[in-house]
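Reader: Could you take me through this structure by way of a few questions, with the reasoning set out each time?

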Amino acid sequence: MKNDSFVITIKKLNKWYGSFHALKDIDLNVALGERIVICGPSGSGKSTLIRCINSLEQHNSGTIVVDGREMIDSKAVHAIRAEVGMVFQQFNLFPHLTILQNLTLGPMKARGLSRAEAEDRAMTYLERVRIPDQAQKKPAALSGGQQQRVAIARSLCMEPKIMLFDEPTSALDPEMISEVLDVIVDLAEDGMTMICVTHEMGFARRAADRMIFMDYGEVIETGPPNEFFDAPKSERCKLFLSQILQH
């Protein structure tokens with residue numbers, strides 16, 4: 001695969017927190033339309049890695065190129081963030097605004113859409129995440145699963161090229177997890193480029209083109225889901241899967 005077909009290229013990425021080496025010489029290429037799931041034990045660097053991709057965390061050395069732009073200054077960071085949507089563990093919705101207002105704010109301010117255009121786009125994406133009937137409610141009136149779907153719709157309203165998901169179901173009650181994962185699977189099937197940090201291995205089998213296993217700040221193993229789950233190569237990966245697949 002030629003380099004120009006990669007929408008994300010990461011080379012020799014290092015991140016420290018004081019003396020703690022959180023990311024160690026990470027190399028990662030992501031093709032346009034590729035769906036990657038990153039898994040690994042807590043503290044392995046998964047969330048730190050995807051937070052570096054849109055500069056929520058500043059890396060200390062190495063290079064990150066997103067959509068042809070190297071992350072070298074605030075101008076590049078701003079341009080990259082415009083093309084990268086991110087969904088967090090917490091929903092981060094404005095509690096005093098309606099769902100529709102939460103969704104129209106970004107497109108109006110950052111993309112220059114009129115209110116009518118922004119509302120039309122917002123309703124399109126609320127349909128997409130299957131909750132158009134919630135548009136006039138405040139976030140507190142929605143379940144956790146519904147709020148996370150709103151958070152996904154809010155990112156989609158910016159029409160990003162890439163979506164990052166940082167354990168999007170970890171704050172949800174078990175019965176709400178599948179409704180959020182089903183929405184993400186739909187996006188994957190439509191060809192959205194995405195990187196998802198999650199412990200939901202059933203989802204990973206359904207949605208991922210490639211699995212990445214991290215531990216102690218390193219990429220230990222990578223491969224297609226069938227090989228990753230059925231024939232893991234490293235002992236650390238085997239141990240992790242044996243523990244997580246028992247639950």
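The exchange below turns to a sheet and then to a helix.

Reader: In what order do the four strands of the open sheet lie?

Author: The model is a predicted one, and in it the strands of this sheet pair in antiparallel fashion. Strand E2 (20–31) and strand E5 (69–70) each pair on one side only, which makes them the edge strands. Strand E1 (residues 6–17) is joined to strand E4 (residues 61–66) by five bridges, and the order of the open sheet is E2-E1-E4-E5.

Reader: Which residue of E4 is the bridge partner of Asn14?

Author: E1 and E4 run antiparallel. The partner of Asn14 across the bridge in E4 is Ser61.

Reader: Is helix H5 largely enclosed or not, and how many of its 13 residues are buried?

Author: The buried residues of H5, among them Val150, Ala151 and Ile152, pack against strand E6 (84–87), helix H3 (99–110), helix H4 (115–128), strand E7 (162–166) and helix H6 (174–189). H5 is largely enclosed by the rest of the structure, because the number of its 13 residues that are buried is twelve.

Reader: How are H3 and H5 oriented to each other, roughly parallel or roughly antiparallel?

Author: Ile99, Asn102 and Leu103 of H3 meet Val150, Ala153 and Arg154 of H5 in this contact, and the crossing is right-handed. The axes lie 8 Å apart and the packing angle is about 25°. Since angles under 35 degrees count as such, the two helices are therefore roughly parallel.

How values were computed:
Residues are numbered from 1 along each chain as its sequence is written. This is a predicted model: local features need pLDDT of at least 70, side-chain atom pairs count only at pLDDT 80 or more; totals for chains, interfaces and linings use all residues. Side-chain values use heavy atoms; hydrogens and water are left out. Two strands pair if DSSP finds at least two bridges between them. Buried means under 20% relative accessible area, exposed over 50%, partly exposed in between (1.4 Å probe, protein chains only). Contact means heavy atoms within 4.5 Å. Axes are lines fitted to C-alpha atoms, for helices over the stretch in contact, and angles run from 0 to 180 degrees between N-to-C directions. Angles under 35 degrees count as roughly parallel, over 145 as roughly antiparallel, 65 to 115 as roughly perpendicular and the rest as oblique. A crossing is left-handed if the near helix is turned anticlockwise from the far one by less than a right angle, and right-handed if clockwise.
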